[in-house]
Number of protein chains: 2
Amino acid sequence: MLNHKKKSVILTEQIQTTLDNLEPLAQKVFLSLTPPSPLDNRADVDQVRQMLERSYDFVKVPLALMGKIPSICRSAHWQVTATLADIGNGWKLIDLEAGDTTDKQFGLAIDIGTTTVVVYLVDLCNGAILRHAADYNDQIILGEDILNRIRHAAEPGGLDRLQKAVLDTLNRLIKDLCPQSMGTEKITAAAIGANTTMIHLLLGLEPASICRDPYTPIVNNPGLITAEKIGLAINPLAPVYCLPSIGSYLGGDVIGGILVSGMHKQPDVSLFVDIGTNGEIVMGNEDWLVACAGAAGPALEGGVTSFGMRAEPGAVDHVSIDPETGQVEYTTVADMPARGICGSGIVDTLAELFLDGIIDRNAHFEKGREEYVVVPAKETASGEDIVVTQIDINNFMATKGACNAATDLLMENVGCAAEEIKHFYAAGAFGQYLPIESAITIGLYPDLPRSAIVRLGNSSGEAARQVLLSRPKRLEAEEIAAKVTYFELNANNTFMEKFSGSKFLPHTDLARYPSVRRRQQTGK
Amino acid sequence: MLNHKKKSVILTEQIQTTLDNLEPLAQKVFLSLTPPSPLDNRADVDQVRQMLERSYDFVKVPLALMGKIPSICRSAHWQVTATLADIGNGWKLIDLEAGDTTDKQFGLAIDIGTTTVVVYLVDLCNGAILRHAADYNDQIILGEDILNRIRHAAEPGGLDRLQKAVLDTLNRLIKDLCPQSMGTEKITAAAIGANTTMIHLLLGLEPASICRDPYTPIVNNPGLITAEKIGLAINPLAPVYCLPSIGSYLGGDVIGGILVSGMHKQPDVSLFVDIGTNGEIVMGNEDWLVACAGAAGPALEGGVTSFGMRAEPGAVDHVSIDPETGQVEYTTVADMPARGICGSGIVDTLAELFLDGIIDRNAHFEKGREEYVVVPAKETASGEDIVVTQIDINNFMATKGACNAATDLLMENVGCAAEEIKHFYAAGAFGQYLPIESAITIGLYPDLPRSAIVRLGNSSGEAARQVLLSRPKRLEAEEIAAKVTYFELNANNTFMEKFSGSKFLPHTDLARYPSVRRRQQTGK
């Protein structure tokens, strides 16, 4: 499955909320049936359905199963376990097994990222994650980022190739997750958190309209789809639920993040931010939710700085600079000789450079200096200095500035002041691995009491687990999607103005960062 | 399609009840959609679904259609017609067409008989039958009657062959019914009336258990199945509804007959009889319904008498004997030279023989006589006499006796006296073509005021039309199925006793046939 190297960059940690009442997408029921007799010669299918309808409203028995029911019932001496799948407005029989197997119920929570795919095997009896497996999305070789995937999908056969690639990834992971004793067909439900493009490609739907004005996807809420129609190698009749999106750039992964954060149920205003290749910002409370999204650029994924790299072994992931001596201390992933700098290393470096006055509020080096050596040549794997250049810093500041500008735009649109924001939720790798103090110092995170800053981990995967396990959570996700007002940033003039004015450390409005000002004044 | 010869023996006439409110299995809705804009960039699929859900509870959009929706909407300038299929507990989008096509909605009402198949093309806008087509069931070459079909199904590949045969018949008829300008995929719903074995073979379900104690079919009520899962060549997502059965020998065709008769809604007791290769008898009123069924033998289908034949050209179909001269007058189907005698001819002949005293109350010729010449050799196609023999009469009396015995058994079981029966419904060919007076004379029909005797025509096809057009009728059919108490005749000792005592003309209890007694006394 995953080798160590791969594992290091794929976020699998997550908050595992305990759900009050499990109402999974698929449920098992033990049935003690009556052998037919001259006095009760109901057909077997009808007897099974009638018995299930004592506890479940509207049970559909698919034709594919009808023919198998009599022999299963007879060989099991009429003691059988039925698996029912939620079909939104009723239930469908998707499996019938001999004996009582109600203690063995399995589902999948799936997070399909543009870069990585994580599959969690979930025990539907108690909601626990039994195992997980993760890997890069096979689609990467067909296009590194979302725009390239969309372009590839427009080529002849491209959409099929992309769909096959993600299905290959998923089905490989699913096979790896299942113990040999258990066939993958014993997995009877799946829920998926993913961005809008990933969902389109998985379902074989043309994503072209996603990146074309007016940025309308084919579908926001695909509803429940049976696994065989998608090509997911589990029970062919298993229901698959995709978390709904609310736009081309605000996908089910973000709706899932809101769900996991709980911000939509709090009276206080919260800010939710997820920055990967794309950035999504959501603000709101129990009464309102506003959001915007856009291409963030891979600033935090190592794509724009000279020595940028993913958080793989040898990536500088933590940096501190002694204010007295100017001495740099750093760590690397897996303690390997430094090969480059990953997102958390960049954030640390910029924060330290700023606090030590090596860059100014405009994030500029003093005149004449063009780079800063983070790791000297003698300590690196390549024998070259690992540096941060002014251009690297400018690129990074563009991402940070966009993030600040988008947040300000949302606040202005809803008439919410910065000090009203009481909670900050950082999703995904952006939330999990960035050093909180440094992220605040450079204004990527707001300057809130540290206890109000929550890392959500893989909230897309956790949201998938929640909707897999709970019908109310599924409805909650759909209510969130219906409630969010989406602001399109592409070609929004106000945004562009704010963006141009947002390139200060930690923020244009310094009053919003009292703790950073204090540290600057007191010397860290 | 049908040549004249075939047409003559296939019953297509039916009562066409006007239904109050049409709620067909598939319905069209015209939608005037909003082109997406930056202010409303909902996905196309979601907009369609949300607009449909203003009028319909729970609308599912299948994955197979999602990808086609954007291009249809755009090319139709957002003026489209959706077709929704009833899925029992909600609706499924099964087609989306450009423009307003709500005046073109087509469905099928299908009657699958063991011998013949009739398909009616129904206008779902007003319920009218636009065209019909009929043919022999291709399964005949694999087995003449139900038991032989069940035996054939048990052979390797037999079930597949039988399923393919009936599908070939149906799909051929469907193709013939559709004008060239209209593809068969524009047919968006179908309903089927058929006996339990025919439904099993159509659905590819093993019928073996139908003829094995305790006579339990695999399914009584298959619910709604999509056409593509069966192999019916109409819109692949069209819902197909099979009228429910209540036992191996009491199929959806009989439930349909009850539905069409309306006997289940009347305070008076009615008797419903359908005798073909199998015989079914239902008795009851608004409070109760009892039924029994069994193999009737092909007495009325020309299978047991020496010169028995189907009602094809040359079949003697009406017979009268002048009581003074003994002269026989007869007619033949299509006025062709006589080749044999069909069911109605046999019934007429027996009635006349009885009224003229040529056979006695025991249906026996006077001593020494062994046959009666109906058509002398010089008038027949073969140049041989066409006769009715004592053995022919005995075979026929067995069917009639079984019918009387079964009726008596039902009456006794529910404590209902013969004089309580106020209506008689004669279904199928048994009802349509038998001469009423003769059928009463020999005790096949009860001696009721003639206005209380109703011929239902092809009630199986008419019931299919009703459930195709009306959701309440579908629920009514299911309520009927749930309400009928079924008496199994196989190995019922009381029945065998009654049967042995039932071989009198017109009936063991002559008091039940006052009009026959009167005719006997007054000389016809």
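**Group meeting: a walk through a two-chain model**

Let's start in chain A. Helix α10 (residues 343-355) lies across β14 and β16 of chain A, and α10 runs at about 15° to β14(A). Contact here means that the C-beta atoms of two residues, placed from the backbone, lie within 7 Å. Axes are lines fitted to C-alpha atoms, for helices over the stretch in contact, and angles run from 0 to 180 degrees between N-to-C directions. Helices (H or I, at least four residues) and strands (E, at least two) are DSSP runs, numbered from the N terminus.

Some housekeeping. This is a predicted model, where local features need pLDDT of at least 70, side-chain atom pairs count only at pLDDT 80 or more, and totals for chains, interfaces and linings use all residues. Residues are numbered from 1 along each chain as its sequence is written, while chains are lettered from A and ligands numbered from 1 in the order in which they are written.

Now the sheet under discussion. It is open, with three strands in the order β15-β14-β16 (chain A) and mixed pairing. Two strands pair if DSSP finds at least two bridges between them. At the edges are β15 (328-332) and β16 (340-341) of chain A, each paired on one side only. β14 (residues 315-321) of chain A runs antiparallel to β15(A), over five bridges. Within that pair, A:His318 stands opposite A:Thr331 of β15(A).

Past α10, look at the loop between α10 and β17 (371-375) of chain A, where A:Ala363 sits. A:Ala363 is not a glycine, yet its phi is positive, about 65°. Buried or exposed? A:Ala363 counts as buried, because it has 20 C-beta neighbours inside 10 Å. The rule: 20 or more other C-beta atoms within 10 Å of a residue's own is buried, 12 or fewer is exposed, and in between is partly exposed, with C-beta atoms placed from the backbone.

Compare B:Asp335. B:Asp335 is in the loop between β15 (328-332) and β16 (340-341) of chain B. Its phi is also positive, near 55°, in a residue other than glycine. B:Asp335 has 8 C-beta neighbours inside 10 Å, so it counts as exposed.

One more stop in chain A. Helix α7 (residues 196-203) is mostly covered, with eight of its eight residues buried. Among them are A:Met198, A:His200 and A:Leu203. Right after α7(A) comes A:Gly204, with a positive phi near 75°.

Over to chain B, and its cis peptide bonds. One joins B:Asp213 and B:Pro214, with omega about 5°. B:Pro214 lies in the loop between α7 (196-203) and β9 (224-226) of chain B. Another joins B:Leu505 and B:Pro506, with omega about -10°. B:Pro506 is in the loop between α16 (493-500) and α17 (514-522) of chain B.

Next, a helix pair. The axes of α5 (residues 146-153) and α6 (residues 158-177) of chain B come within 7 Å and cross at roughly 130°. That makes α5(B) oblique to α6(B). On the scale used, under 35 degrees is roughly parallel, over 145 roughly antiparallel, 65 to 115 roughly perpendicular, and the rest oblique. B:Arg149, B:His152 and B:Ala153 of α5(B) make the contact with B:Gly158, B:Leu159 and B:Leu162 of α6(B).

A buried acid, too. B:Glu462 is in helix α14 (residues 459-469) of chain B. B:Glu462 is buried, with 25 other C-beta atoms within 10 Å. B:Glu462 and B:Gly256 are 206 residues apart in sequence, but 7.8 Å apart in space, C-alpha to C-alpha.

Last, the two chains together. How many residues does the contact take from each chain? It takes 38 residues from chain B and 38 residues from chain A. On the chain B side, α2 (44-52), α3 (63-66) and α4 (69-75) each supply at least two residues. α2(B) gives the most, three residues.

How are the copies related? A turn of 180° and a shift of 0.0 Å along the axis lay chain B on chain A, with an RMSD of 0.0 Å. That is the relation of a two-fold axis. The superposition is by least squares on the C-alpha atoms of residues with pLDDT of at least 70 in both copies. In chain B, the C-alpha nearest the axis belongs to B:Asn89, 3.2 Å from it. Both copies use the same surface: 100% of the contact residues of chain B recur in chain A.
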